[in-house]
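Morning, everyone. Please pull up the model on your screens, and I'll walk you through the fold.

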Amino acid sequence: MLLTNATIATMQNGSPYGLVYNGAVWIEGETIQWVGSQNDIPQEAKAGDSVDCEGRLITPGLVDCHTHIVFGGNRANEFEMRLNGASYEEVARAGGGIVSTVTATRKANETVLLKDALKRVDALIAEGVTTLEIKSGYGLDIDTELKMLRVARSIAVQRKITIRTSFLGAHAVPAEYKNQSDAYIDEVCLPALIMAHKEGLVDAVDGFCEGIAFQPKQIRKVFEKAESLGLPIKLHAEQLSNLGGAQLAAEFGALSADHLEHANDGDALALAISGSVAVILPGAFYTLRETQLPPIEAFRKHKVPMALATDCNPGSSPITSLLLTMNMACTLFRMTPEEALNGVTLNGAKALGLKDRGTISAGLRADLVIWDVETPAELSYRIGFNPLYKRILAGAMT
């Protein structure tokens with residue numbers, strides 16, 4: 001397939017967006033063979049099917065690198081509680097929050113969980129998402145954690161999308177282990193991780209390092225097990241306070257540290273040295289009406305790659321729009337439209353350890369999106385508007 005007559009945001013080459021005007025992309029099978037000016041199209045590229053993009057914009061396929069999209073029930077009642085004055089921590093400590101979703105997820109069977117998750121996945125696909133990360137963490141027992149991960153794997157069978165899974169057994173302490181978080185880690189989280197790994201259900205291991213969740217020493221134990229299994233790690237860090245999660249993530253060479261509202265300059269430096277990605281999640285900031293901004297300037301100063309993700313979940317970020325997430329990052333955090341697009345392409349892929357996508361260049365996987373817009377900034381500028389024209393996954397139009 002040869003895509004012609006397009007503006008191409010390659011997201012490389014050092015220029016803004018890596019833009020190629022009056023450009024073309026040649027795809028063979030699942031791979032990009034060539035990208036450049038329409039005046040320089042290789043002769044052999046002209047032998048296959050040609051698609052005139054009529055001046056539209058082409059970007060890499062979008063990557064949503066942090067979601068909790070498999071879950072049971074919803075938490076609209078807690079949304080109402082917060083609007084009536086309760087904080088996120090107060091809701092959680094009263095038995096709401098993550099634990100309430102755990103109850104609903106444990107009750108739901110795989111068929112129900114898959115059916116509900118696909119509705120949310122379809123919304124993301126309709127906005128150009130080609131790669132999606134999904135975490136467990138609403139089971140908090142061995143059977144349900146495995147059930148969630150199986151459902152996540154099933155999504156890649158049911159839909160044309162790449163799924164990466166993260167084991168998040170260290171998400172919260174279930175009611176039956178109240179005040180016994182160490183025992184929960186030893187008796188449930190670690191055994192569940194071992195079983196999930198044996199079943200081939202885990203691509204990475206995550207944790208929630210926070211006062212309402214787990215302390216760094218407990219997360220360290222999970223990470224040491226992940227390391228022994230050869231699994232990369234990620235971490236929810238410094239969302240509501242600073243417990244040293246970002247430093248811990250950096251110590252283990254994490255793929256990413258996520259949230260980071262309470263991170264500081266030293267945390268940014270540590271992430272820069274480790275090569276970890278800072279995953280910015282404006283949906284949770286917005287929904288929880290937080291006021292502590294993530295240290296975007298520190299990340300810029302230390303050249304920490306910044307990714308963006310929806311954090312789609314039933315409590316703190318019930319968002320299924322990566323385009324809206326980009327707008328929020330620009331409006332709330334003053335990220336630039338180029339940083340936002342980098343965050344859902346190149347850096348989103350980095351946050352998942354995927355080197356075969358995220359830019360438009362020869363040799364990479366042909367995950368692309370054709371947009372009915374003139375400039376890349378429009379993707380962050382508009383609110384509630386979806387300019388998707390065509391989505392290409394592994395070289396095939398979808």
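One term before we start: two strands count as paired if DSSP finds at least two bridges between them. And keep in mind that this is a predicted model.

Overall layout, then. The secondary structure adds up to 15 helices and 16 strands. The chain has 398 residues, and a compact globule with that many would have a radius of gyration near 21 Å; the chain has 21 Å, so the two agree. Along the principal axes, the C-alpha atoms fill a box of roughly 70 × 45 × 40 Å. Of the 398 residues, 58% count as buried. The accessible surface is about 15200 Å², and carbon and sulfur atoms own 50% of it. Now contacts. Take those with a separation of 6 or more: residues 24 or more positions apart account for 71% of them.

Next, the sheet with parallel pairing. It is open, has 8 strands, and the order is S6-S7-S8-S9-S10-S11-S12-S13. Which strands sit at the edges? Strand S6, residues 62-64, and strand S13, residues 306-308; each of them pairs on one side only. From one strand to the next, the twist averages 25°.

Helix H6, residues 181-198, packs on this sheet. H6 touches strand S8, residues 162-170, and also S9. The direction of H6 makes about 160° with that of S8. Look at S9 itself, residues 204-209. S9 is joined to strand S10, residues 234-237, by 2 bridges, and the two run parallel. One pair to click on: Phe208, whose bridge partner in S10 is His236.

Now the interior. The largest nonpolar core holds 97 residues. Which members touch the most others? Val70, Ile155, Val205, Leu260, Ile280, Phe299 and Leu341. And the biggest contributor is H6, with 8 residues. A second core, separate from that one, has 14 residues, including Val20, Ile58, Ala366 and Ile370.

Stay with Leu341 for a moment. Skip its neighbours within four places in sequence. The contacts of Leu341 are then Ala9, Met11, Tyr17, Thr59, Leu62, Met326, Pro376 and Leu379.

Ala9 takes us to the N-terminal strands. Ala9 has Leu19 in S2 as its bridge partner. Strand S1, residues 2-9, pairs with strand S2, residues 19-28, in the antiparallel sense, over 5 bridges. S2 then connects to strand S3, residues 31-37, through 6 bridges, again antiparallel. In that pairing, Glu28 stands opposite Thr31. The hairpin of S2 and S3 has 2 residues between the strands, and there Gly29 takes a positive phi near 60°.

Last stop: Leu322. Leu322 lies in helix H12, residues 322-333. Is Leu322 buried or exposed? The relative accessible area of Leu322 is 0%, and the cut-off for buried is under 20%, so Leu322 is buried. What surrounds Leu322? Leaving out residues up to four places away in sequence, Leu322 touches Leu62, Val63, Asp64, Leu124, Glu127, Val129, Leu308, Ala309, Thr310 and Val344. Pick Asp64 from that list. Asp64 and Leu322 are 258 residues apart along the chain, yet their C-alpha atoms are separated by 7.1 Å.

To recap: an open sheet of 8 strands with parallel pairing, helix H6 packed on that sheet, and a nonpolar core of 97 residues. Over to you for discussion.

Methods
Residues are numbered from 1 along each chain as its sequence is written. This is a predicted model: local features need pLDDT of at least 70, side-chain atom pairs count only at pLDDT 80 or more; totals for chains, interfaces and linings use all residues. Side-chain values use heavy atoms; hydrogens and water are left out. Helices (H or I, at least four residues) and strands (E, at least two) are DSSP runs, numbered from the N terminus. Axes are lines fitted to C-alpha atoms, for helices over the stretch in contact, and angles run from 0 to 180 degrees between N-to-C directions. Contact means heavy atoms within 4.5 Å. A nonpolar core is a set of buried Ala, Val, Leu, Ile, Met, Phe, Trp, Tyr and Cys residues joined through side-chain atoms within 4.5 Å. Buried means under 20% relative accessible area, exposed over 50%, partly exposed in between (1.4 Å probe, protein chains only). The radius of gyration is taken over C-alpha atoms; the globule rule is 2.2 Å times the number of residues to the power 0.38. Accessible areas come from the Shrake-Rupley method with a 1.4 Å probe; for residues, only the protein chains shown count as cover.
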